[in-house]
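I opened a fresh page today and went through this one slowly. Here are my notes, in the order I looked things up.

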Amino acid sequence: MPPASNSNIEKVVIIGSGPAGWTAAIYAARASLAPLVLAGDRLTRERMPGGQLMFTSEIENFPGFVHGVDGQQLMSTLQEQAERFGTRVKTHFVSKIDLSDRPFKIHHIDDFNGDPEIVTETHAVIIATGASANYLDLPSERQFENMGVSACAVCDGALPRFRNQPLVVVGGGDSACEEATYLTKFASRVYLVHRRDTLRASKIMTERTLQNPKILPVWHSVVEQVLGNDTDGVTGVQVKNLQTNQSSTLEARGMFVAIGHTPNTKFLVGQVELNDKGYVVLKNGFRSMTSVEGVFAAGDCADAVYRQAITAAGMGCKAAIDAERWLAENGVH
(Lines give C-alpha, C1' and ligand atoms only; values in the text may rest on other atoms or scores of the structure.)
Protein backbone atom coordinates (compact mmCIF):
# COMPACT_ATOMS: atom_id res chain seq x y z
CA MET A 1 0.00 0.00 0.00
CA PRO A 2 1.31 3.48 -0.77
CA PRO A 3 1.66 5.93 2.09
CA ALA A 4 -1.09 8.43 2.80
CA SER A 5 -1.22 11.39 0.46
CA ASN A 6 1.44 14.01 1.15
CA SER A 7 1.58 17.49 -0.37
CA ASN A 8 5.25 16.97 -1.18
CA ILE A 9 4.53 13.79 -3.14
CA GLU A 10 2.99 13.97 -6.60
CA LYS A 11 -0.14 11.94 -7.18
CA VAL A 12 0.89 11.04 -10.72
CA VAL A 13 3.85 11.88 -12.93
CA ILE A 14 3.59 11.37 -16.68
CA ILE A 15 6.86 10.76 -18.50
CA GLY A 16 6.52 11.73 -22.14
CA SER A 17 4.69 14.38 -24.13
CA GLY A 18 3.39 12.77 -27.30
CA PRO A 19 -0.29 11.98 -27.94
CA ALA A 20 -0.28 9.34 -25.18
CA GLY A 21 1.29 11.64 -22.60
CA TRP A 22 -0.88 14.67 -23.30
CA THR A 23 -4.09 12.62 -23.43
CA ALA A 24 -3.19 10.98 -20.12
CA ALA A 25 -2.57 14.45 -18.72
CA ILE A 26 -5.95 15.74 -19.92
CA TYR A 27 -7.80 12.87 -18.25
CA ALA A 28 -5.70 12.95 -15.08
CA ALA A 29 -6.07 16.71 -14.72
CA ARG A 30 -9.83 16.57 -15.20
CA ALA A 31 -9.88 13.96 -12.44
CA SER A 32 -8.22 16.53 -10.12
CA LEU A 33 -4.95 14.61 -9.92
CA ALA A 34 -2.85 17.71 -10.80
CA PRO A 35 -0.47 15.67 -12.98
CA LEU A 36 3.13 16.65 -13.62
CA VAL A 37 4.36 16.01 -17.17
CA LEU A 38 8.09 15.60 -17.72
CA ALA A 39 8.21 16.61 -21.35
CA GLY A 40 11.86 16.72 -22.40
CA ASP A 41 13.23 14.22 -24.89
CA ARG A 42 15.45 12.01 -22.77
CA LEU A 43 17.24 10.59 -25.83
CA THR A 44 18.31 13.81 -27.52
CA ARG A 45 17.90 16.06 -24.48
CA GLU A 46 15.83 18.38 -26.62
CA ARG A 47 13.74 20.92 -24.78
CA MET A 48 10.84 20.69 -27.19
CA PRO A 49 7.91 18.59 -25.92
CA GLY A 50 5.60 16.76 -28.28
CA GLY A 51 7.38 13.59 -29.32
CA GLN A 52 7.88 12.47 -32.93
CA LEU A 53 4.86 14.39 -34.21
CA MET A 54 6.76 17.63 -33.63
CA PHE A 55 8.73 16.67 -36.73
CA THR A 56 5.69 15.71 -38.84
CA SER A 57 4.31 18.49 -41.00
CA GLU A 58 1.19 16.80 -42.38
CA ILE A 59 -1.16 14.59 -40.35
CA GLU A 60 -4.28 13.60 -42.25
CA ASN A 61 -5.50 10.63 -40.20
CA PHE A 62 -6.13 12.17 -36.77
CA PRO A 63 -9.91 12.46 -36.29
CA GLY A 64 -11.41 15.93 -36.19
CA PHE A 65 -9.18 17.66 -38.75
CA VAL A 66 -10.91 17.55 -42.12
CA HIS A 67 -7.99 19.11 -43.99
CA GLY A 68 -5.24 17.62 -41.88
CA VAL A 69 -3.15 19.25 -39.18
CA ASP A 70 0.48 20.16 -38.66
CA GLY A 71 2.16 17.93 -36.06
CA GLN A 72 3.46 20.84 -34.00
CA GLN A 73 0.02 22.46 -34.04
CA LEU A 74 -1.63 19.25 -32.85
CA MET A 75 0.84 18.75 -30.01
CA SER A 76 0.60 22.40 -28.98
CA THR A 77 -3.19 22.15 -28.90
CA LEU A 78 -3.10 19.00 -26.77
CA GLN A 79 -0.64 20.62 -24.37
CA GLU A 80 -2.81 23.74 -24.03
CA GLN A 81 -5.84 21.55 -23.36
CA ALA A 82 -3.97 19.62 -20.66
CA GLU A 83 -2.70 22.83 -19.04
CA ARG A 84 -6.18 24.33 -19.09
CA PHE A 85 -7.27 21.68 -16.59
CA GLY A 86 -4.26 22.12 -14.31
CA THR A 87 -1.48 20.00 -15.79
CA ARG A 88 1.99 21.22 -14.85
CA VAL A 89 4.81 20.79 -17.37
CA LYS A 90 8.57 20.65 -16.93
CA THR A 91 10.74 20.32 -20.02
CA HIS A 92 13.15 18.02 -18.21
CA PHE A 93 14.54 14.68 -19.34
CA VAL A 94 14.48 11.68 -17.01
CA SER A 95 17.93 10.42 -16.13
CA LYS A 96 16.90 7.61 -13.78
CA ILE A 97 13.84 6.09 -12.16
CA ASP A 98 13.53 4.00 -9.00
CA LEU A 99 10.39 1.86 -8.85
CA SER A 100 11.66 -0.50 -6.16
CA ASP A 101 9.67 1.17 -3.39
CA ARG A 102 6.82 3.61 -2.98
CA PRO A 103 6.64 6.49 -3.31
CA PHE A 104 8.49 6.10 -6.61
CA LYS A 105 11.50 8.33 -7.26
CA ILE A 106 12.10 10.00 -10.61
CA HIS A 107 15.42 11.70 -11.28
CA HIS A 108 15.14 14.44 -13.90
CA ILE A 109 17.32 17.24 -15.22
CA ASP A 110 16.88 20.55 -17.00
CA ASP A 111 20.18 20.32 -18.86
CA PHE A 112 19.68 23.62 -20.68
CA ASN A 113 19.80 25.78 -17.57
CA GLY A 114 22.56 23.79 -15.93
CA ASP A 115 20.30 23.08 -12.97
CA PRO A 116 21.16 20.20 -10.64
CA GLU A 117 19.32 16.91 -10.85
CA ILE A 118 15.88 16.93 -9.22
CA VAL A 119 14.30 13.92 -7.53
CA THR A 120 10.51 13.89 -7.60
CA GLU A 121 8.51 11.44 -5.50
CA THR A 122 5.18 10.21 -6.81
CA HIS A 123 2.49 7.71 -5.92
CA ALA A 124 1.83 6.69 -9.54
CA VAL A 125 3.69 6.88 -12.84
CA ILE A 126 2.45 6.82 -16.42
CA ILE A 127 5.18 5.94 -18.91
CA ALA A 128 4.50 7.45 -22.33
CA THR A 129 7.98 7.79 -23.79
CA GLY A 130 7.16 6.47 -27.25
CA ALA A 131 9.41 4.67 -29.71
CA SER A 132 11.90 6.03 -32.21
CA ALA A 133 11.94 4.87 -35.81
CA ASN A 134 15.26 3.41 -36.89
CA TYR A 135 16.84 5.34 -39.74
CA LEU A 136 19.87 4.82 -41.96
CA ASP A 137 21.83 7.71 -40.42
CA LEU A 138 22.51 9.38 -43.75
CA PRO A 139 22.83 13.19 -43.73
CA SER A 140 20.66 13.39 -46.86
CA GLU A 141 18.02 11.25 -45.17
CA ARG A 142 17.60 13.76 -42.34
CA GLN A 143 17.76 16.63 -44.84
CA PHE A 144 14.62 15.43 -46.59
CA GLU A 145 12.66 14.21 -43.58
CA ASN A 146 9.05 15.38 -44.04
CA MET A 147 9.96 16.28 -47.62
CA GLY A 148 9.63 12.75 -48.93
CA VAL A 149 11.49 10.69 -46.32
CA SER A 150 9.24 8.88 -43.85
CA ALA A 151 9.21 5.90 -41.52
CA CYS A 152 5.45 5.33 -41.58
CA ALA A 153 3.51 4.45 -44.72
CA VAL A 154 0.18 4.37 -42.89
CA CYS A 155 0.85 7.87 -41.56
CA ASP A 156 2.12 9.47 -44.76
CA GLY A 157 1.50 7.21 -47.75
CA ALA A 158 -1.75 8.85 -48.83
CA LEU A 159 -0.28 12.35 -48.95
CA PRO A 160 -0.63 14.09 -52.34
CA ARG A 161 3.14 14.20 -52.90
CA PHE A 162 3.25 10.38 -53.10
CA ARG A 163 0.18 9.66 -55.21
CA ASN A 164 0.85 8.08 -58.62
CA GLN A 165 4.58 8.45 -58.03
CA PRO A 166 7.41 5.90 -57.78
CA LEU A 167 8.45 5.28 -54.17
CA VAL A 168 11.24 3.42 -52.38
CA VAL A 169 10.92 1.21 -49.30
CA VAL A 170 14.08 0.16 -47.46
CA GLY A 171 14.09 -3.13 -45.54
CA GLY A 172 13.41 -6.81 -45.88
CA GLY A 173 11.28 -7.87 -42.92
CA ASP A 174 7.56 -8.04 -42.32
CA SER A 175 7.38 -4.31 -41.66
CA ALA A 176 9.04 -3.48 -44.97
CA CYS A 177 6.73 -5.84 -46.85
CA GLU A 178 3.69 -4.38 -45.13
CA GLU A 179 4.82 -0.84 -45.92
CA ALA A 180 5.52 -1.68 -49.56
CA THR A 181 2.19 -3.45 -50.01
CA TYR A 182 0.30 -0.60 -48.38
CA LEU A 183 2.00 1.97 -50.60
CA THR A 184 0.90 0.18 -53.78
CA LYS A 185 -2.54 1.68 -53.12
CA PHE A 186 -1.13 5.09 -53.97
CA ALA A 187 2.20 4.73 -55.79
CA SER A 188 2.80 4.03 -59.45
CA ARG A 189 5.64 1.65 -58.47
CA VAL A 190 7.37 0.63 -55.23
CA TYR A 191 11.05 -0.28 -55.21
CA LEU A 192 11.91 -2.55 -52.29
CA VAL A 193 15.61 -2.11 -51.51
CA HIS A 194 17.18 -4.96 -49.55
CA ARG A 195 20.81 -5.89 -48.92
CA ARG A 196 20.20 -9.62 -49.54
CA ASP A 197 18.48 -11.58 -52.31
CA THR A 198 15.81 -13.05 -50.03
CA LEU A 199 13.42 -11.31 -47.68
CA ARG A 200 13.48 -11.90 -43.93
CA ALA A 201 9.71 -11.61 -43.76
CA SER A 202 7.35 -14.47 -43.01
CA LYS A 203 6.60 -16.86 -45.87
CA ILE A 204 3.08 -15.61 -46.49
CA MET A 205 4.19 -11.98 -46.39
CA THR A 206 7.11 -12.68 -48.72
CA GLU A 207 4.86 -14.42 -51.25
CA ARG A 208 2.30 -11.65 -51.14
CA THR A 209 4.97 -9.01 -51.65
CA LEU A 210 6.82 -10.69 -54.50
CA GLN A 211 3.58 -11.49 -56.33
CA ASN A 212 2.47 -7.85 -56.29
CA PRO A 213 3.08 -6.45 -59.79
CA LYS A 214 3.68 -2.95 -58.44
CA ILE A 215 6.56 -4.01 -56.17
CA LEU A 216 10.00 -4.31 -57.74
CA PRO A 217 12.73 -5.78 -55.47
CA VAL A 218 16.18 -4.24 -55.69
CA TRP A 219 18.37 -7.03 -54.34
CA HIS A 220 21.87 -6.90 -52.84
CA SER A 221 21.57 -3.14 -52.50
CA VAL A 222 21.89 -0.40 -49.90
CA VAL A 223 20.94 3.27 -49.99
CA GLU A 224 23.89 5.61 -50.42
CA GLN A 225 22.13 8.93 -50.69
CA VAL A 226 18.70 10.53 -50.90
CA LEU A 227 18.48 12.95 -53.83
CA GLY A 228 16.31 16.01 -54.08
CA ASN A 229 16.01 19.76 -53.64
CA ASP A 230 14.33 22.28 -51.35
CA THR A 231 11.49 22.89 -53.80
CA ASP A 232 10.46 19.38 -54.81
CA GLY A 233 11.75 17.39 -51.85
CA VAL A 234 12.88 13.87 -52.70
CA THR A 235 13.43 13.22 -56.40
CA GLY A 236 15.42 9.99 -56.26
CA VAL A 237 17.44 7.52 -54.23
CA GLN A 238 21.01 6.51 -55.02
CA VAL A 239 21.67 2.84 -54.27
CA LYS A 240 24.79 0.68 -54.44
CA ASN A 241 24.81 -2.97 -55.46
CA LEU A 242 26.89 -4.83 -52.87
CA GLN A 243 27.97 -7.49 -55.37
CA THR A 244 29.12 -5.21 -58.17
CA ASN A 245 29.85 -2.03 -56.15
CA GLN A 246 28.03 -0.14 -58.89
CA SER A 247 25.81 2.80 -57.97
CA SER A 248 22.57 3.69 -59.69
CA THR A 249 19.69 6.08 -59.18
CA LEU A 250 16.06 5.13 -58.62
CA GLU A 251 13.74 7.95 -59.62
CA ALA A 252 11.31 8.31 -56.73
CA ARG A 253 9.33 10.99 -54.91
CA GLY A 254 9.62 9.34 -51.54
CA MET A 255 11.64 6.93 -49.42
CA PHE A 256 10.09 4.94 -46.59
CA VAL A 257 12.53 3.44 -44.09
CA ALA A 258 11.16 0.21 -42.62
CA ILE A 259 13.97 -1.22 -40.53
CA GLY A 260 12.15 -1.25 -37.23
CA HIS A 261 11.55 0.92 -34.18
CA THR A 262 13.34 1.21 -30.85
CA PRO A 263 11.15 1.91 -27.81
CA ASN A 264 12.48 4.68 -25.57
CA THR A 265 12.69 2.48 -22.50
CA LYS A 266 16.38 2.01 -21.70
CA PHE A 267 15.93 3.89 -18.43
CA LEU A 268 13.36 1.26 -17.38
CA VAL A 269 15.67 -1.77 -17.63
CA GLY A 270 15.52 -3.61 -14.33
CA GLN A 271 12.56 -1.51 -13.17
CA VAL A 272 9.57 -2.89 -15.10
CA GLU A 273 9.18 -5.93 -17.32
CA LEU A 274 10.19 -5.33 -20.92
CA ASN A 275 9.95 -7.79 -23.79
CA ASP A 276 12.93 -8.89 -25.86
CA LYS A 277 12.57 -5.82 -28.10
CA GLY A 278 12.39 -3.38 -25.20
CA TYR A 279 8.66 -2.68 -25.22
CA VAL A 280 6.90 -2.34 -21.87
CA VAL A 281 4.86 -5.46 -21.12
CA LEU A 282 1.26 -4.77 -20.11
CA LYS A 283 0.04 -7.26 -17.56
CA ASN A 284 -3.71 -7.24 -17.91
CA GLY A 285 -4.53 -7.30 -21.58
CA PHE A 286 -6.81 -4.44 -22.49
CA ARG A 287 -5.74 -2.23 -19.57
CA SER A 288 -2.47 -0.39 -18.93
CA MET A 289 -0.89 -2.00 -15.85
CA THR A 290 2.81 -2.86 -15.96
CA SER A 291 4.65 -5.43 -13.85
CA VAL A 292 4.93 -2.85 -11.05
CA GLU A 293 1.76 -1.92 -9.19
CA GLY A 294 1.09 1.79 -9.58
CA VAL A 295 3.08 2.09 -12.81
CA PHE A 296 1.15 2.35 -16.07
CA ALA A 297 2.22 2.59 -19.70
CA ALA A 298 0.68 4.07 -22.84
CA GLY A 299 1.54 4.69 -26.45
CA ASP A 300 4.33 3.42 -28.65
CA CYS A 301 6.62 2.41 -25.77
CA ALA A 302 4.11 -0.40 -25.13
CA ASP A 303 2.70 -0.84 -28.65
CA ALA A 304 4.79 -2.60 -31.28
CA VAL A 305 1.83 -3.13 -33.61
CA TYR A 306 -0.12 0.02 -34.44
CA ARG A 307 2.15 3.00 -33.60
CA GLN A 308 -0.44 5.62 -34.55
CA ALA A 309 -1.18 8.94 -32.89
CA ILE A 310 -4.82 8.02 -32.32
CA THR A 311 -4.05 4.63 -30.75
CA ALA A 312 -1.45 6.27 -28.52
CA ALA A 313 -4.03 8.83 -27.43
CA GLY A 314 -6.50 6.06 -26.62
CA MET A 315 -3.90 4.25 -24.55
CA GLY A 316 -3.15 7.49 -22.71
CA CYS A 317 -6.82 7.78 -21.82
CA LYS A 318 -6.84 4.23 -20.45
CA ALA A 319 -3.66 4.76 -18.45
CA ALA A 320 -5.02 7.89 -16.76
CA ILE A 321 -8.31 6.20 -15.86
CA ASP A 322 -6.47 3.14 -14.54
CA ALA A 323 -4.14 5.35 -12.51
CA GLU A 324 -7.03 7.37 -11.07
CA ARG A 325 -8.85 4.22 -9.96
CA TRP A 326 -5.70 2.67 -8.53
CA LEU A 327 -4.93 5.81 -6.52
CA ALA A 328 -8.48 5.95 -5.18
CA GLU A 329 -8.38 2.27 -4.21
CA ASN A 330 -5.16 2.92 -2.31
CA GLY A 331 -6.35 5.99 -0.44
CA VAL A 332 -4.65 8.73 -2.47
CA HIS A 333 -7.08 11.50 -3.31
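**Entry 1: strand β9 and its sheet**

I began with β9, which is mostly covered: 4 of its 5 residues are buried. I kept in mind throughout that this is a predicted model.

Next I asked which strands pair with β9. On one side I found strand β10 (residues 189-193), joined to β9 by 5 bridges and running parallel to it. In that pairing L167 stands opposite V190 in β10. I also found strand β15 (residues 254-257), which pairs with β9 (residues 166-170) in the parallel sense over 4 bridges. There V168 has M255 of β15 opposite it.

Then I traced the whole sheet. It is an open sheet of 5 strands with parallel pairing, and I read the order as β8-β15-β9-β10-β11. Its edges are β8 (149-150) and β11 (215-218), each of which pairs on one side only. I noted a reminder for myself: in a regular strand the side chains alternate between the two faces of the sheet.

**Entry 2: strand β6 and its partners**

I moved on to β6, residues 118-127. How many of its 10 residues are buried? I get 7, so I wrote "mostly covered" beside this strand as well, with buried meaning under 20% relative accessible area.

I looked up three pairings of β6, one at a time. Strand β1 (residues 10-15) runs parallel to β6, and 5 bridges join the two. With β5 the sense is antiparallel, again over 5 bridges. Strand β17 (residues 295-297) pairs with β6 in the parallel sense over 3 bridges.

I then looked for residues that face each other across these pairings. I14 stands opposite I126 in β6, and I126 in turn stands opposite F296 in β17. In the pairing with β5, K105 is the residue opposite E121 of β6.

**Entry 3: backbone oddities in the loops**

Where is the cis peptide bond that joins R102 to its proline? I found it between R102 and P103, with omega at about 0 degrees. P103 sits in the loop between β4 (93-98) and β5 (104-109).

I checked phi next, and two residues went into the notebook. D137 has a positive phi of about 60 degrees although it is not a glycine. I placed D137 in the loop between β7 (131-133) and α3 (139-143). N164 also has a positive phi, near 60 degrees, and is a residue other than glycine. Its loop runs between α4 (153-156) and β9, which took me back to the strand of my opening entry.

Are these two buried or exposed? D137 has a relative accessible area of 65%, so I marked D137 as exposed, the cut-off being over 50%. N164 comes out at 63%, and therefore I marked N164 as exposed too.

**Entry 4: V154 on helix α4**

I stayed with α4 a little longer, since V154 lies in that helix. The relative accessible area of V154 is 38%, so I entered V154 as partly exposed: the value falls between 20% and 50%.

Which residues does V154 touch, leaving out those up to four places away in sequence? My list has N61, E179, Y182 and Q308. I also looked up how V154 sits relative to Y306. The two are 152 residues apart in sequence and 9.5 Å apart in space, C-alpha to C-alpha.

**Entry 5: the chain as a whole**

I stepped back at the end. I counted 7 helices and 17 strands in the protein chain. The radius of gyration is 22 Å, close to the 20 Å that the globule rule gives for 333 residues, so the chain is as compact as a globular protein of that length. Along the principal axes, the C-alpha atoms fill a box of roughly 70 × 40 × 40 Å.

Buried residues make up 50% of the 333 residues. I looked at contacts with a separation of 6 or more, and residues 24 or more positions apart account for 60% of them. The accessible surface comes to about 15,500 Å², with 48% of it belonging to carbon and sulfur atoms.

My last lookup was charge. The chain has 31 positive and 36 negative side chains, and I noted 4 Å between the centres of the two sets.

Conventions:
Residues numbered from 1 in each chain as written. Predicted model: local features only at pLDDT ≥ 70, side-chain atom pairs only at ≥ 80, totals over all residues. Heavy atoms only, no water. Rg over C-alpha atoms; globule rule 2.2 N^0.38 Å. Buried < 20%, exposed > 50% of the residue type's maximum accessible area, 1.4 Å probe, protein only. Contact = heavy atoms within 4.5 Å. Areas by Shrake-Rupley, 256 points an atom, 1.4 Å probe, with all protein chains shown as cover. Lys, Arg positive; Asp, Glu negative; His and termini not counted. Charge placed at Lys NZ, Arg CZ, Asp CG, Glu CD. Pairing = 2+ DSSP bridges.
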